[in-house]
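These are my notebook entries, written while I looked up one place after another in the structure. I put down what I asked and what I found.

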Amino acid sequence: MGEELLRFVDEGYGVHLLREMVRIPSVVGEERELAEFLEGELQGLGFKTRLQWVEEGRPNVIALHRFSEGRTLMFNGHLDTVPVCEGWETDPFEPVEREGRLYGLGSCDMKGGIASILMALKAIMDSGMELRGTLAFTGVVGEEAYSKGARAILETELAKADAAIIGEPYTEVIPLGISGKILYELIVKGRSAHGFRPEMGINAIEEAAKILTSLDRLRLGTHPRFGRGNVCTLKIEGGYKRYSVVVPDRCRVEINRLIVPGESVETAVEDMRHLIGELGLRAEVEVRTKPPYYEPFEMSPEEPIVKVFTEAYEEVRGVKPRFHYSLSITDANVFAGEGGIPTLHLGPGGGGAHQPNEFVHLEDLKPTSMIHALTAEKFLK
């Protein structure tokens, strides 16, 4: 049935759909129009759909087609994009095709992935094939922020899905596991004094700086497949709101940390407290964490979805996929790390994600869709 199914993969439909999605602004927090557009598309393909309101004006779109009793396979994509940044050479909301690339905000991350998924769903429905189980699609809000959309999916019947595939732009190297993440919030409490007599106070900003310049000494866990996690200072706040010559008595710092399996919020907090304790600071430092938090996860190559995906990938690409374990974050951390749903990624390649002049390789849409379609056929047979 595989070759017959692949004849129904409609590249023209996918390119048209991608162009229409790029024209719909869906910057994080403003996903409603795209959700409603995709709901209409999925209804047209024969799926039963509904919108799940995550926050006011921010719905997930959920689409289901039940063939019979059996497994549930969920395809997933995030609806949101990052905001427009400086440096775009074209209108980020007007798709531009040039030398085999389609430029536009979200084209790579990840409207191209959604287009490939819907191409596969259309092929399956148009073929009239009878599978076993349930085929699902979820388009979620907020992946670029706090993954509220993905967590809301875990409150639905799809929390019991047997596997998921996310259309993120992983093309040749596919993660079998992804690191987790915590966000440290350090509150450094000093003592104010006249800025001409700094020795009479405790400068909270300077004490915070001692922590930041010592982050290379922070104990980071290592893992045989993931390697070592990392840290990155994201924000520092302190000092006067209105100019005054006063020793700052308070400073707040946010530090991102990627963690590997075996680490947790508790161990990461203890690591930071240990480092601070070694520095001999005069200030008092409160170590907190704040959202978002993501669980790391790792999957076995023996998972059923991994096996059928490998078969489908090799049939289309002519080579087996290369698997690895990634220092990154996606909604798979929610589905797999929190929900226990084995989750893979596959999307068309491109470049410029979170940068100006983002693009997707149009030639990747069809083979990506073919792999999705064959994977669904094999998993739900």
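Before I compare two helices I need to know what an axis is here: an axis is a line fitted to C-alpha atoms, for helices over the stretch in contact, and the angle between two axes runs from 0 to 180 degrees between their N-to-C directions. I also note at the start that this is a predicted model, and I read every entry below with that in mind.

**Entry 1: α4 and α10**

I began with helix α4, residues 107–127, and helix α10, residues 365–379, and I found that their axes come within 8 Å and cross at roughly 50°. I call α4 oblique to α10, because an angle of roughly 50° is not under 35 degrees and does not reach the range of 65 to 115 that counts as roughly perpendicular. The crossing in which α4 passes α10 is right-handed.

Which residues make the contact? On the α4 side I listed Gly112, Ser116, Ile117, Met119, Ala120 and Ile124, and on the α10 side Leu365, Lys366, Thr368, Ser369, His372, Ala373 and Ala376. Sorted by class, this contact of α4 with α10 has seven nonpolar, five polar and one charged residues.

**Entry 2: α3 and α4**

Next I turned to the packing of α4 with helix α3, residues 32–45, where the angle is about 20° and the axes are 10 Å apart. I call α3 roughly parallel to α4, because angles under 35 degrees count as roughly parallel. Here too I noted the handedness, and α3 passes α4 in a right-handed crossing.

From α3, the residues Leu34, Leu38, Glu41, Leu42 and Leu45 meet Lys111, Ile114, Leu118, Leu121, Lys122 and Met125 of α4. By class I wrote down eight nonpolar, no polar and three charged residues for the contact of α3 with α4.

**Entry 3: Gly46**

I then looked up Gly46, which sits in the loop between α3 and β1, the latter being residues 48–55. Is Gly46 buried or exposed? Its relative accessibility is 39%, so I entered Gly46 as partly exposed, since that value lies between the limits of 20% and 50%.

When I set aside the neighbours within four places in sequence, Gly46 is in contact with His65 and Met125; Met125 had already appeared among the α4 residues that meet α3. I also checked Gly46 against Met370, which is 324 residues away along the chain, and their C-alpha atoms are separated by 19 Å.

**Entry 4: Pro356**

Where is Pro356 found? I located Pro356 in the loop between β18 (350–351) and β19 (359–361), and its relative accessibility of 27% makes it partly exposed.

Apart from its neighbours within four places in sequence, Pro356 is in contact with Cys85, Glu86, Gly87 and Trp88. I compared its position with that of Pro92 as well: the two are 264 residues apart along the chain, while their C-alpha atoms are separated by 8.3 Å.

**Entry 5: the cysteines**

Cys85 came up as a contact of Pro356, which led me to ask how many disulfides the structure holds. The count is zero. For Cys85, the nearest cysteine sulfur is that of Cys108, at 14 Å, and Cys85 is in no disulfide, because a disulfide needs two cysteine sulfur atoms within 2.5 Å. Cys85 is partly exposed, with a relative accessible area of 29%, whereas Cys108 is buried, with 4%.

**Entry 6: backbone details**

I finished with the backbone, where I looked for cis peptide bonds and for positive phi values. The peptide bond from Asp109 to Met110 is cis, with omega near 0°, and Met110 is found in helix α4. Another cis peptide bond runs from Pro291 to Pro292, with omega near 5°, and Pro292 is part of strand β14, residues 284–294.

Ser147 is not a glycine, yet I found a positive phi of about 60° there; Ser147 lies in the loop between β6 (134–140) and α5 (148–153), and at 1% relative accessibility Ser147 is buried. His354, also not a glycine, has a positive phi of about 65°. I placed His354 in the loop between β18 and β19, where I had located Pro356, and at 46% relative accessibility His354 counts as partly exposed.

Notes: Residues numbered from 1 in each chain as written. Predicted model: local features only at pLDDT ≥ 70, side-chain atom pairs only at ≥ 80, totals over all residues. Heavy atoms only, no water. Helix = DSSP H or I, 4+ residues; strand = E, 2+ residues; numbered from the N terminus. Buried < 20%, exposed > 50% of the residue type's maximum accessible area, 1.4 Å probe, protein only. Contact = heavy atoms within 4.5 Å. Parallel < 35°, antiparallel > 145°, perpendicular 65-115°, else oblique. Left-handed = near helix turned anticlockwise from the far one by under 90°. Nonpolar A, V, L, I, M, F, W, Y, C, P; charged D, E, K, R; others polar.
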